[in-house]
Structure formats: structure tokens, C-alpha cells
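Here is a walk through one protein model, strand pairing first and pockets later. Keep the viewer open as you read.

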Amino acid sequence: MLTVLDLRCEHLKGPIVLDELAPRFSWRVESSEPEQRQTAYEIAVIDASQSWDEMLWNTGRVSSGETTEIPYGGPAPRPLQDLRWRVRSWDKDGVVSQWSKESVWRAGFLANENWSAQWIHTKLQTRVVPQGGPTYSRQNWMLMAPTMHLRRPFEISGQYSRATVYATARGVYQLSINGQRVGDHELAPGWTDYDRRHQYQAFDVTEHLKAGSNVLGALLGEGWYAGMLGYDQKRPGGHYGSTPELLVELRIEHADGRVQRVCTDDLWKCSRGPRAWSDIYQGERYVSANELPGWDRTDFDDSSWYPAMVVAEQRSVPLVAEPSPPIRVTRKLVPKRSWKNEAGNWVLDFGEYISGVTELTLNGEAGSTVSLKHGEWLAGDSAYVENLHTASSTDVVILRGGRQRYRPLFTQHGFQFVEIIGLDGDVADADVVALQFHTDNSRMGYFECSEPDLTTLVENADRSLRSNSMSIPTCEPARDERMAYLGDVQIASATAMYLRDQAAFYSKWTDDILDAAEGIGGLFTDAAPTPYPSEAAPGWGDGGIILPWTMYRFYGDLRVIEKMWAAMSAWMDSIHGANPDHVRRNRLNKNFNDWLVPGDKDFTPPPVLATAYWYWCARLMSEMASVTGRGDEGKRYGALAEKIANAFATEFISEDGLIEGDTQTVYAMAFRMGLVPPQRRMAVAKRFQNSVIREDNHVRVGFAGVGFILPALQQAGLTETAYRLMLDRRYPSWLYSVSRGATSIWERWNTVAEDGSIPTPVMNAFSLVVLGSAVEWLFRGVAGINTVEGAGGMREFAISPTPGPGLTWAKGTHVSPHGEIVSEWNIRGALVHYTIQIPTNTTATVVISSSDPSKVDHLQKTAQWVLGDDTATSLIGSGRHHFTAPLPSLILSPAAL
């Protein structure tokens with residue numbers, strides 16, 4: 001019998017609020033029986049106030065093995081309606097499970113006119129000039145405003161059963177009720193294109209309230225909306241507006257059925273407070289003398305406060321419930337070591353790279369200053385900040401006198417080190433902690449092996465992934481950029497999905513991509529959201545196609561394809577219109593090409609790279625068309641892919657296997673994307689191998705090539721070369737940064753030089769996940785966990801482990817939408833021992849490499865092997881399986897062409 005668990009609605013666990021009329025349901029089934037599967041399901045939905053005898057919608061028994069992305073088909077929810085749902089499943093023997101535990105979702109407001117609240121703002125900001133970053137002079141026009149305090153007293157009479165507050169800001173906000181913080185979100189409501197879409201949050205505040213007098217408070221900052229944003233000094237901030245605004249609606253449900261509303265209106269009052277500024281990019285300045293003790297409590301005297309003002313024009317930008325996990329504090333770290341530097345400042349090392357802020361206890365004379373300077377690395381014995389451009393990583397506190405606990409509010413830093421300037425006494429007395437926060441995407445994958453540095457590399461990639469999940473998938477978390485580039489994300493998207501649950505996060509971001517595209521006539525931009533919209537470059541704009549396809553492969557998400565289809569088609573049409581001969585030479589826009597090749601010398605010809613990406617996108621469009629019922633379009637894109645491939649071979653591949661440019665990247669792209677003609681495969685593979693050998697067996701690729709080179713080498717029959725590159729520690733290599741003490745993935749291969757110096761402060765971040773996209777191959781190649789064409793969501797998948805020279809064991813785990821997949825291998829003498837776990841309701845095509853496939857042994861004896869020259873293949877059902885096989889030829893005698 002099956003057990004139904006892990007119910008999700010739109011990729012999220014309830015209770016949640018959704019502005020979606022037909023949300024999609026997903027669940028998992030589990031069984032202790034091997035090869036068990038679901039053959040039918042039943043979904044039941046009721047209004048939360050009703051019993052299960054009064055169902056709103058019931059599917060009845062549906063014969064299907066699907067457990068993901070099932071759309072709700074009942075009556076459209078009413079605004080703010082609560083709905084409960086549950087599922088049961090039938091197994092392969094026709095035995096029905098128990099009903100699952102209930103899950104809950106609440107419909108959102110569904111339309112702006114259903115809000116009672118009005119946008120309000122304050123006019124008390126006195127703009128100030130921040131201290132700014134170290135390498136760029138500040139200008140007088142770079143001004144920031146203080147964080148505002150707003151409050152609204154109100155009364156509750158009679159008994160109430162539930163209270164929910166809905167809130168958002170044009171800026172960033174934090175709510176409190178009766179002195180108690182509401183929720184745990186950081187930097188809410190998150191970053192969107194505020195001219196096109198605005199997120200709101202919902203919080204259950206029943207326990208915050210009391211009968212009688214209450215106060216609803218809000219802290220309001222500039223955030224991405226009105227604060228500093230981006231790297232262009234001519235347009236430093238205020239890209240969406242100049243003054244923050246607040247929208248709050250508190251709904252108190254009384255026992256007699258009344259709903260009491262406390263909304264933003266002209267009854268709110270406001271005041272400046274201690275934060276002269278609190279800016280995401282510029283840090284915070286906190287003047288303790290301006291504190292407002294008890295400002296959000298009922299006994300506070302606000303007679304000197306000013307009235308807030310209702311915004312004259314209530315803009316109709318759509319308000320939508322936040323569709324992804326929030327930014328929240330996920331860990332508190334204590335320093336691993338501390339010391340006083342030559343300048344007499346305390347320096348703290350938290351042992352790893354994080355994004356967040358520092359919290360500590362201060363004790364000094366009134367009016368004295370303590371500064372917290374956050375650094376990604378060290379310059380000598382001080383925090384290194386020269387690479388932050390116009391951003392500032394320093395938070396400044398003017399003390400009140402006596403002990404006080406301090407943490408910044410509306411800023412965020414990327415750091416491992418903190419230098420504390422002006423601290424009296426021993427740092428141990430300050431009880432310093434680093435608060436790590438990021439979009440709270442759950443961990444879904446782990447890789448470990450006999451080489452500890454490779455395991456460290458995977459954890460470094462996960463740290464960079466977390467530190468760059470800040471409402472959007474940023475490129476880096478510390479300097480004045482922090483944009484979500486489509487190229488960066490698509491290159492590392494599979495790595496991200498192996499490591500973290502990106503389903504809701506990326507789904508939200510595809511809305512950002514569409515919003516940005518709409519702003520320039522429907523074509524993809526390099527980044528989204530962006531204050532600098534322009535048509536994207538090859539590899540970057542192509543991310544608007546590659547990401548939905550990758551989401552389909554990992555999560556079975558067809559709706560994202562439907563949502564993106566028109567924009568994806570427009571992108572492909574724009575390329576074809578400019579390049580009718582099927583070689584992509586024109587409309588390359590701001591071409592980044594193979595960005596940041598070691599040595600900064602990019603010899604990959606732009607038309608080769610651009611044409612390869614065009615072909616890849618055509619292939620993916622063909623697959624996505626097929627799985628969404630667009631048969632004719634699938635054929636059209638398949639035919640286009642064939643024409644591009646023929647043109648690529650004619651234009652760029654010589655008979656002796658030379659691809660124009662002769663770089664590792666051109667060969668990697670050609671093999672990984674399937675552009676090498678079969679008759680030239682051996683010749684091109686030899687050229688590929690020579691491109692590595694002439695670099696003294698170093699990797700020499702930039703952003704475009706880094707995600708392709710290892711799987712391409714394996715596809716070319718050069719797996720031993722892939723292993724050699726992966727395990728190399730010399731510059732440039734993946735383990736070079738690990739050997740230098742990195743705890744994240746660097747932007748450059750040599751962010752820190754071999755002599756310990758930092759070669760350049762320009763475009764040299766210490767946390768940028770792209771070079772970590774090699775981690776995909778550790779999961780896909782070494783552990784062998786892989787998606788398969790036409791089977792989204794990994795209900796069908798492949799496991800093809802690749803033991804290779806330099807490792808004696810490896811283990812990869814990944815939690816798919818159907819459960820945990822495990823692939824582990826261990827070399828013992830002349831045999832490799834494999835342990836493979838396949839989730840209930842899934843099947844895996846298992847491929848075991850061996851020098852003698854006839855001796856591959858399945859301990860459960862259910863495998864029916866199809867033998868190749870050096871492989872044994874079988875379709876295996878769910879359960880935990882054990883295999884043994886003679887060593888693969890790769891280990892016995894590494895291949896050489």
C-alpha cells in the first residue's frame with residue numbers, strides 16, 4: 001500500500017496564499033515494497049469552513065501515475081477564500097491508500113480592486129550623502145533617505161477568531177504589532193519590476209493581538225524601489241520611484257462573522273528614527289540618540305509625529321501574492337577566529353562565505369562610533385573591500401552609551417570577514433553573530449567522494465547559490481551589481497537544481513524575465529529585473545529558453561513553458577530574421593561571448609558560439625513543443641535545428657576535425673549540444689583533446705564553456721581527461737580556489753593569485769556560482785543521476801555512474817519531485833560495488849560501465865540486462881538496489897586517442 005505525503009501547491013507547502021485561480025497540486029507516494037507505483041489518484045477540495053461531506057471539487061478516481069503539476073479544476077476561488085485539499089492513491093495492485101494529511105491554501109485578493117487599503121507615504125525624508133565604496137568618488141546626487149517609522153493605533157472590541165495582515169511596500173518594510181515583530185521575512189516584498197508587478201505577503205497575526213488597544217507599526221525603507229541600485233553612476237538609484245510607499249491591510253475576523261479592517265490610510269502617523277539610512281547596497285548608519293523606545297506599543301506618545309499622506313495616484317500595477325519562498329535568516333554563525341590587526345581593529349573570520357548582516361552587543365561612551373566593515377577576503381590583516389565598486393559594506397553605529405544590541409535592518413552584505421572599527425574592550429564580550437539570510441530554497445542534493453576537495457567544491461557552490469538567492473538569482477552578493485543575468489543563471493541552472501529546490505524561485509523569476517522583455521518590445525534582456533533594459537546577447541538571452549526547459553526536465557513544469565512560449569518564439573524569430581543563412585553573425589547585441597576566459601583572452605569566434613546556442617535552443621524548443629502538444633511547431637523547430645547544424649558543420653568544422661577558433665569552448669559546445677557530424681566525431685575528439693594538452697592539461701574556458709566542457713569530454717570518449725581536469729589543483733582549475741582556502745565559487749579562475757595577491761578589483765567577486773556549474777557533472781557524470789528526454793519531473797530518469805581515475809568512491813543524492821535518488825559506487829579490489837535508490841512510482845534506466853559487462857551482478861536478481869561492448873543496461877523499478885561489476889575499462893586502461 002502507498003503512503004501519500006509532501007503535499008504542495010504551486011511548488012510550495014501550505015498554508016500559503018496564492019493569486020492563482022487554478023493552482024497545481026503535487027505530492028509524493030512512498031512504499032516499503034520494491035517496484036511499487038501509483039495507478040490512480042483522487043483529489044478532494046473543500047472550502048475550509050465546510051466538512052468533507054460538502055466537497056467543492058473532487059476528481060473521482062483518475063487512472064494515472066502522475067503525482068505532480070495536477071491543476072485544480074473546481075469553481076474559481078473567491079478572494080481570500082480558504083481551501084483544504086487532500087489526496088489518496090491506488091497502488092499497482094489496486095489497493096487504495098489512506099487519505100493524506102490535509103493541506104491548505106488561501107486565495108489572494110485576486111484583483112487590486114479587492115483591497116481596501118490605500119498606498120501611503122511620508123515626506124519627512126532628509127536625504128544624506130553616504131560614505132560610498134572605496135574605489136569610486138561619490139557625487140552629491142547620490143543621496144539616500146532615512147528609514148521611516150509609521151504607526152496606527154486601533155481598538156478591538158469583542159471576541160475574534162483569526163487575524164491576518166497583508167502588506168507590501170514600494171521599498172522594503174517590516175511590520176510589528178504591539179512591539180512584537182510580524183513574520184521572519186527580510187527585505188520584503190522582494191525585487192520585481194515595480195512598474196509591472198508587485199508582490200505582497202500575508203502573515204497570521206492572531207497571537208499578536210489583544211482585546212482593547214493595539215498598535216500596528218511599520219518600518220519603511222527605500223530598498224530596490226527607491227534606493228541605490230546598480231553600477232551606473234549616472235543613474236545610481238531611484239529607478240522606480242523617489243519615495244517609499246506602504247500598503248497594509250489587517251483583517252480581524254470576529255466570532256460573530258464581522259471582519260474588522262485596519263488599513264493604510266490618512267490615520268497613520270510617521271517619524272524619522274535612528275537609521276539615517278539603511279540601504280541594500282550602501283549599508284546602514286544608525287544614530288542611537290534618535291531611537292524611539294516603545295514606538296510600536298500602545299502607551300507611546302506620538303503627538304509630535306506627523307500624519308502620513310495617502311498617495312494621490314493609486315497606480316494599478318498588479319498586486320500578486322509572493323509566489324516563492326521568502327528571504328529569511330536561515331543560520332546564525334559565530335566567529336571561527338578573531339584577532340586585532342595592526343590598525344588596532346578587531347577582525348572576525350566566520351569560516352565561510354555568507355550573505356546577510358552582523359549582529360553584536362556594543363558598550364561604549366555616548367556619541368562614540370563603531371563601524372562594521374564586511375569583507376569577502378582579507379587584504380593583509382584587514383577586510384578587503386576594494387572590489388565593491390560604488391557599494392559600501394560598512395554599517396556605522398553612533399552609540400547611545402551603555403550596553404546595546406545592534407543589527408542592521410534593510411541592508412545586505414556578502415562576506416566572510418568583519419573588521420570592527422572603534423570597538424572598546426574584548427570582542428568576546430560583544431557576542432557577535434553573523435545572520436545568514438537568503439531566499440529559503442530547501443537543500444535537495446549532496447555529493448561526496450574520496451577526494452575531500454571535490455566535496456568542498458560542491459559545498460562552495462551551494463554557499464554561492466545561497467548567497468546569490470536574494471528574491472532573484474543575483475550574479476554576486478557584494479558589489480554594486482547584484483543583477484540576475486539570464487546567461488549566468490542558465491549556465492548554472494542544473495547545478496542549482498541538483499543542489500536546491502529552485503522550482504518556485506525560478507518560476508517567480510521567469511515572471512521577472514517576461515516583465516523585462518515586455519519593457520523592450522517582447523525580446524529577452526540580459527538581466528531581469530533590470531534598470532538597464534536592452535536586447536540580450538547570445539547565451540544570455542538564450543537563457544530565456546534554456547531555463548524553462550531545465551525546469552521541465554527537473555520538475556515536470558509545463559506551465560512555465562506555456563507561460564514563456566510566446567516570448568521564446570519571438571526570441572527565436574528575431575534571431576532567424578537577422579540570420580537567414582542559419583549562421584548567427586548578426587544581432588549579437590552586447591556580446592559577452594566566452595566571458596572571463598583565464599588570461600582574459602577570448603579566442604572563441606562569436607559566430608561559432610552564437611550559432612551553437614541558436615542550434616541548442618532550436619533543439620530545446622522542439623522538445624518543449626512536443627511535450628506541450630505543439631506537434632507542428634516541434635517539427636518546425638526540429639527542421640530549423642537540422643539546418644543550423646548543417647550550416648555550422650559547413651561553416652565551422654573542417655574535414656580534419658578543426659572547429660573555427662580551436663578553443664576548448666568550441667569543442668565543448670559542439671559535443672555537448674550535438675553539433676559534431678558522426679563521420680567527423682573521432683577527428684573532432686582528437687582536436688578537443690589537443691586543445692587541453694596544449695594548455696598543459698589545464699581548463700581554459702570562460703562562462704560559456706564551463707558548464708559544457710566536462711560532460712562534452714565524456715561524450716567525446718575523453719572521460720579520463722575530464723577527471724584529470726576536475727582533480728587538477730593548478731591554476732586555472734576548479735580545485736585551485738579550494739586549495740587557496742575559498743569557501744565559495746569565485747567569479748574568476750584567479751580571483752586570488754598564486755602569490756596570494758588579488759590581481760584586480762574589477763569584476764572580481766568572491767561568490768559567483770557560474771564556474772561552479774562543473775558540479776552538474778559530478779551529479780550527472782560521476783554519480784550518474786540524469787534526466788531523460790521527454791520525461792519531465794524525473795518520474796523516468798537515468799543512472800549511469802562513471803567511476804574514474806583518481807577516485808575510489810563517490811555518492812550523489814538528489815531529492816526529485818518523487819523522492820530521494822541515491823547513486824553510490826565504491827571500488828573494492830577488482831570490483832565496483834554500486835548502491836542505487838529509486839523512488840516509489842519511478843523507474844530508472846541503469847547503465848553500468850564495466851570491462852566485462854556479462855559479469856555485472858544485480859543482487860536483487862530482477863535486472864534484465866542489455867549488454868554492450870563495455871556497458872550493461874536495464875530498466876529498474878523503485879527500491880534500493882545493489883550491483884557489483886568488474887572495473888570499467890576507463891580505470892583499467894585509460895583511453896587515449
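Arginine 24 sits opposite proline 71 of β7. That pair belongs to a ladder of 2 bridges, where strand β3 (residues 24–30) and β7 run antiparallel. Strands here are DSSP runs of E with at least two residues, helices are runs of H or I with at least four, and both are numbered from the N terminus. Two strands count as paired if DSSP finds at least two bridges between them.

Before going on: this is a predicted model, so local features need pLDDT of at least 70 and side-chain atom pairs count only at pLDDT 80 or more, while totals for chains, interfaces and linings use all residues. Numbering starts from 1 along each chain as its sequence is written, and side-chain values use heavy atoms, with hydrogens and water left out.

Back to the strands. β3 is part of an open sheet of 3 strands, ordered β1-β3-β7 with antiparallel pairing. Its edges are β1 (3–9) and β7 (70–71), each pairing on one side only.

Further along, β20 and β21 make a hairpin with 3 residues between them. Strand β20 (residues 275–279) and strand β21 (residues 283–287) run antiparallel, joined by 4 bridges, and aspartate 279 faces glycine 283 in β21. β21 also has a parallel partner: 3 bridges tie it to strand β31 (residues 394–398), with valine 287 opposite isoleucine 398.

Another open sheet has 6 strands in the order β35-β40-β41-β42-β47-β44, again with antiparallel pairing. β35 (445–449) and β44 (857–858) are its edge strands, each paired on one side only. β44 is held to strand β47 (residues 879–886) by 2 antiparallel bridges, and aspartate 857 has threonine 884 in β47 as its bridge partner. Helix α15 (residues 775–782) packs on this sheet, touching β35, β40 (809–816) and β41 (819–828), and its direction makes about 80° with that of β35. Contact means heavy atoms within 4.5 Å; the axes are lines fitted to C-alpha atoms, for helices over the stretch in contact, and angles run from 0 to 180 degrees between N-to-C directions.

Now for the empty space. A pocket is an open set of points on a 1 Å grid over the protein atoms alone, where a 1.4 Å probe fits, with protein on both sides within 12 Å along at least five of seven lines; lining residues have an atom within 4 Å of a point. Volume is the space filled by probe spheres set on the points, which are joined across faces, edges and corners.

| Pocket | Volume | Lining by class |
|---|---|---|
| Largest | about 1,100 Å³ | 20 nonpolar, 20 polar and 8 charged residues |
| Second largest | about 840 Å³ | 15 nonpolar, 8 polar and 10 charged residues |

For those classes, Ala, Val, Leu, Ile, Met, Phe, Trp, Tyr, Cys and Pro are nonpolar, Asp, Glu, Lys and Arg are charged, and the others, Gly among them, are polar.

Which element gives the most to the lining of the largest pocket? That's α7, with 6 residues. Closest to the centre of the largest pocket, out of 48 lining residues, are Pro711, Gln714, Gln715, Arg780 and Asn786. In the second largest pocket, β15 supplies the largest share of the lining, 5 residues, and Lys13, Pro15, Ile16, Val17 and Ala202 lie nearest the centre.

Overall, the protein has 16 helices and 47 strands, and its C-alpha trace spans about 85 × 75 × 55 Å along the principal axes.
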